[in-house]
Amino acid sequence: MTHSTSHVPLSREQSLARLQAHKRFDVIVIGGGSTGLGVALDAAARGLSVALFESHDFASGTSSRSTKLVHGGVRYLAQGHIPLVREALRERSRLLANAPHNAHSLQFVMPSFRWWEKPFYGVGLKVYDALAGSHGLGATEFLSRQETERALPGVRSQGLSGGVRYFDGQFNDARLAIDLARTAASLGAIVLNYCRVAELIEDAGQVVGVRVVDVETQQSYAVQSGCVINAAGVWADALRGVSQPSAHQAPPAKLVEPSRGVHLVVSRDFMPTDTAMMIPKTRDGRVLFLVPWQGHLILGTTDTPVTSAPREPEADQAEVDFILSEAAHYLKRPPTRADVLSIWAGLRPLVQSAAAAGSTKSISREHTIEVAANGLLTVVGGKWTTYRAMSEDVLLHAIAAKLLPAGTCAASVTADLPILGADSPCNTADLTAVLDPSYVQFAVEYEFARTIEDVLARRSRVLFLDAKRAEKLAPAVENELIKKGLMTSDLPSFVRLTQQYQMCP
Ligand SMILES: Cc1cc2nc3c(=O)[nH]c(=O)nc-3n(C[C@H](O)[C@H](O)[C@H](O)COP(=O)(O)OP(=O)(O)OC[C@H]3O[C@@H](n4cnc5c(N)ncnc54)[C@H](O)[C@@H]3O)c2cc1C
């Protein structure tokens, strides 16, 4: 399998022209988050013709709002989800190998303040190591109090008795999404952001394509395929509803249960180290991470069941207070509201389960695949770490349901497939790098950026790291976008967004 080249500019006009010329594809994917992009890449790598449509920007939904961990999930181990943890640990090492420019291993320390914590969690983490087997990133070790303080400068010393060190992975979620889009495109897939699937096209009760609207021009396209994959995350149920337009039919039961997770970002000065702190059980029984990332410190997350799925979910004051007060409990210098540089919230597309009414903490993080009577294949749930394994499973289901052309390669080839992106100047963690014209130029020509927000939230991660800084950089980015011929008019709305990320009333 060879990539054409990572240096082919990916013009939107060319992609739209190809869309009109082809009209029929082996696979149509709805949604450009980790799930949809993973499916598009898997299908393209098998030699299938693929078109992927994302209504907003790639990763603008949940896939840019994760804790940025490539992990087996210590919490899921505690819940006894052994196969899920084992699969995620295997996928963790694949991702680190296939996208070394994006993902790396990270040392975590779990500080202990009660006598039983060190042996209890230490044994659990040894099991985590054992499940990883040859995919392990380093052995779990017990640390003395001094070793814990050395690894976690900034940890509260009062009552500290020691800690446990273990290893997991870390990545840049939105940038990996862009890398996956580029890799899929290099294998021939048409991947289009700002193209919304407005409806499914059915013939004799079977889905035979989709109607897509180019959000920039409002032009609409009918695109055909016998295999339509709904990977729309927390918005997946809307498409399942659309596929059942009959007034006489009851709408299908909901598949997705959204759960909001909030993160705060503060200066790295609160814990000046490259080691992350993991608190397995906060005072109300949740997991809390304090993770160094891109020169800053991420604190989070929460898990709050919600009933609606807005595009820009907002943190509520109670969630912010919870994170701050828990972090204050474990740090020498407690961060306050005034120290917060950015606040962002994301919605987990958890699989609906009647058994877990009222609480989303216990709902399975495994994915679910549904092939409806009309042939629409919907995939929801899972996590970023396992996007590749989920894609493989989706393609297996599509083959079993005879949605794909006869003779489609039954085996996925993505396990060892290198992911593009090492060449991007946008990989830098320097927040002012966007001021270099070559940055915006690359983001537009090679990474599908269309708006100020695309550049400052997902090509660079400034908005997520320091919302005020993002607001200051926005006019310069707008100028560069205009020079590239993009008639953006989103400066006022982007400024409003930066205020939401600062939680200004
Ligand atoms: C707070 C939080 C922390 C997390 N931390 C981690 C972590 O550390 N590690 C980990 O592995 N996982 C983590 N996860 C889980 C992971 O982020 C998600 O499982 C994953 O991003 C879901 O991706 P998705 O593609 O299914 O959904 P999304 O990323 O939301 O993608 C769905 C896309 O579909 C698009 N769409 C919707 N309707 C249409 C339409 N009609 N036409 C076209 N496009 C449409 C949307 O715009 C959206 O971009 C976390 C999740 C949350 C919320």
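The following paragraphs describe the overall dimensions, domains, sheets and selected backbone features of a predicted protein model.

Residues are numbered from 1 along each chain as its sequence is written. Because the model is predicted, local features were required to have pLDDT of at least 70 and side-chain atom pairs pLDDT 80 or more, whereas totals for chains, interfaces and linings draw on all residues.

The protein chain contains 15 helices and 20 strands, where helices (H or I, at least four residues) and strands (E, at least two) are DSSP runs numbered from the N terminus. Its radius of gyration is 22 Å, in agreement with the value near 23 Å that a compact globule of 505 residues would have; the radius is taken over C-alpha atoms, and the globule rule is 2.2 Å times the number of residues to the power 0.38. The C-alpha trace spans about 70 × 50 × 45 Å along its principal axes. Of the 505 residues, 50% count as buried. A residue is termed buried if 20 or more other C-beta atoms lie within 10 Å of its own, exposed if 12 or fewer do, and partly exposed in between, with C-beta atoms placed from the backbone. Among contacts between residues at least 6 apart in sequence, 72% join residues at least 24 apart; two residues are in contact if their C-beta atoms, placed from the backbone, lie within 7 Å.

The chain is divided into domain 1 (12-62 + 174-253 + 368-400), domain 2 (68-170 + 256-356) and domain 3 (425-501), with bounds that come from an automatic or database domain assignment. The centres of domain 1 and domain 3, taken over C-alpha atoms, are separated by 27 Å. Eleven residues from domain 1 and nine residues from domain 3 take part in the contact. On the side of domain 1 that touches domain 3, six residues are nonpolar, two polar and three charged. In this classification Ala, Val, Leu, Ile, Met, Phe, Trp, Tyr, Cys and Pro count as nonpolar, Asp, Glu, Lys and Arg as charged, and the others, Gly among them, as polar.

An open sheet of six strands follows the order β8-β3-β2-β12-β20-β19 with mixed pairing, two strands being paired if DSSP finds at least two bridges between them. β8 (190-192) and β19 (367-371) occupy the edges; each has a single partner strand, so one side of each is left without a neighbour in the sheet. Neighbouring strands of this sheet are turned by 15° against each other on average, direction ignored. Within the sheet, β2 (residues 27-30) and β3 (residues 50-53) pair in the parallel sense over four bridges, and valine 29 stands opposite leucine 52 in β3. Helix α2 (residues 34-45) packs on the sheet, where it touches β2, β3, β8, β12 (228-230) and β20 (377-381), and its direction makes about 170° with that of β3. Axes are lines fitted to C-alpha atoms, for helices over the stretch in contact, and angles run from 0 to 180 degrees between N-to-C directions.

A further open sheet, of four strands, has the order β1-β11-β10-β9, again with mixed pairing. Its edges are formed by β1 (24-25) and β9 (195-203), each with a single partner strand, so one side of each lacks a neighbour in the sheet. β9 and β10 (residues 206-214) run antiparallel and are joined by eight bridges, valine 197 having valine 212 of β10 as its bridge partner. Helix α1 (residues 12-22) packs on this sheet and touches β1, β10 and β11 (220-225), with its direction at about 55° to that of β11.

Strand β5 (residues 104-112) pairs with β7 (residues 162-170) in the antiparallel sense over nine bridges; serine 105 has glycine 169 as its bridge partner in β7. β5 also pairs with β14 (residues 276-279), in the parallel sense and over two bridges, and here phenylalanine 108 is matched with alanine 276.

Several loop residues show notable backbone geometry. The peptide bond from glycine 300 to threonine 301 is cis, with omega near 10°; threonine 301 lies in the loop between β16 (296-300) and β17 (304-305). Glutamine 294, although not a glycine, has a positive phi of about 50° and is found in the loop between β15 (288-293) and β16. Glutamine 294 counts as buried because it has 20 C-beta neighbours inside 10 Å. Lysine 402, also not a glycine, has a positive phi of about 60° and is located in the loop between α10 (387-400) and α11 (437-447). With 11 other C-beta atoms within 10 Å, lysine 402 is exposed.
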